[in-house]
Amino acid sequence: QVQLVESGGGLVQAGGSLRLSCAASGRTFRLYRMGWFRRAPGQEREYLAAVTWSGGRTSYADSVKGRFTISRDIIKNTVYLQMNSLKPEDTAVYYCAADRSGGRWQDWGQGTQVTVSS
């Protein structure tokens, strides 16, 4: 199992930026990829971005492509989500997740709140 702890959320005005961090611990040697998701009030959980742990290949949801950037630091066992040009509709709880097998998201953080004011 991998333990995940997110940080970096907060309140920001529309057009602003935030960088979220997710520190991984535990069986990190088994990481295949890590990702970011979010859930807005009353909505389904939404996939945002993912990065493979060894190769650093990234993928993005269309809703955030060009505004959000995922990256990872394999020395620090940390994945980041740089969020630019934030919009009020980006308001949500943001979660990071770990995939240890290349098939599904198995471990989840507790989430960090991001609120974008208009």
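These legends accompany close-up views of a predicted model.

**View 1. The whole chain is built from strands.** Let us start with the overview: the secondary structure of the protein comes to zero helices and 11 strands. Along the sequence the pattern therefore reads β-β-β-β-β-β-β-β-β-β-β, and with a radius of gyration of 13 Å, close to the 13 Å that the globule rule gives for 118 residues, the protein is as compact as a globular protein of that length. A box of roughly 40 × 25 × 25 Å, taken along the principal axes, holds the C-alpha atoms. Buried residues account for 42% of the 118 residues. The accessible surface comes to about 6,100 Å², and 45% of this surface belongs to carbon and sulfur atoms. Among contacts between residues at least 6 apart in sequence, 52% join residues at least 24 apart.

**View 2. Strands β1, β3 and β8 are linked by antiparallel pairing.** β1 pairs with β3 in the antiparallel sense over six bridges, and β3 pairs with β8 in the antiparallel sense, also over six bridges. Good places to check the register are V2, which stands opposite G26 in β3, and S7, which stands opposite S21 in β3. For the pairing of β3 with β8, look for L18, which faces M83 across the strands. β1 also has two faces to compare: V2, L4 and E6 form the covered one, whereas Q3, V5 and S7 form the uncovered one.

**View 3. The largest nonpolar core draws on many strands.** In soluble globular proteins, nonpolar side chains tend to be buried together. Here the largest nonpolar core has 29 residues, of which M34, W36, L81, M83 and Y94 touch the most other members. At least two residues of this core come from each of β1 (2-7), β3 (18-26), β4 (33-39), β5 (46-52), β7 (68-73), β8, β9 (92-99) and β11 (112-117). M34 is a friendly guide to the surroundings: leaving out residues up to four places away in sequence, M34 touches L4, C22, A24, A49, A50, V51, W53, I70, V79, A97, A98 and W105.

**View 4. T78 is a buried residue in strand β8.** T78 belongs to β8, which spans residues 78-83. Its relative accessibility is 9%, so T78 counts as buried; the cut-off for that class is under 20%. The side chain of T78 reaches the backbone oxygen of K76 at 2.9 Å. Beyond residues up to four places away in sequence, T78 touches S21, C22, A23, W53, S71, R72 and D73.

**View 5. D107 is buried and joined to R100.** D107 lies in strand β10, which covers residues 107-108. With a relative accessibility of 5%, D107 counts as buried. Take a look at the side chains of D107 and R100, which are joined by a polar contact of 2.6 Å. Leaving aside neighbours within four places in sequence, D107 is in contact with Q1, V2, L4, C96, A97, A98 and R100. Two of these partners, V2 and L4, also appear on the covered face of β1.

**View 6. N84 sits in the loop after β8.** The loop between β8 and β9 contains N84. N84 has 29% relative accessibility and so counts as partly exposed. A polar contact of 2.9 Å runs from the side chain of N84 to the side chain of S17. Once residues up to four places away in sequence are set aside, N84 touches G16, S17, R67 and F68. For a sense of scale, N84 and T69 are 15 residues apart in sequence, and their C-alpha atoms are 8.5 Å apart in space.

**View 7. I75 is an exposed loop residue.** I75 is found in the loop between β7 and β8. Its relative accessibility of 75% means that I75 counts as exposed; the cut-off for that class is over 50%. A useful span to trace here runs to R57: the two residues are 18 residues apart along the chain, and 17 Å separates their C-alpha atoms.

Note on methods:
Residues are numbered from 1 along each chain as its sequence is written. This is a predicted model: local features need pLDDT of at least 70, side-chain atom pairs count only at pLDDT 80 or more; totals for chains, interfaces and linings use all residues. Side-chain values use heavy atoms; hydrogens and water are left out. Helices (H or I, at least four residues) and strands (E, at least two) are DSSP runs, numbered from the N terminus. Buried means under 20% relative accessible area, exposed over 50%, partly exposed in between (1.4 Å probe, protein chains only). A polar contact is a pair of N or O atoms within 3.5 Å; within protein, one must be able to donate a hydrogen and the other to accept it, and residues adjacent in sequence count only if both atoms are side-chain atoms. Contact means heavy atoms within 4.5 Å. A nonpolar core is a set of buried Ala, Val, Leu, Ile, Met, Phe, Trp, Tyr and Cys residues joined through side-chain atoms within 4.5 Å. The radius of gyration is taken over C-alpha atoms; the globule rule is 2.2 Å times the number of residues to the power 0.38. Accessible areas come from the Shrake-Rupley method with a 1.4 Å probe; for residues, only the protein chains shown count as cover. Two strands pair if DSSP finds at least two bridges between them.
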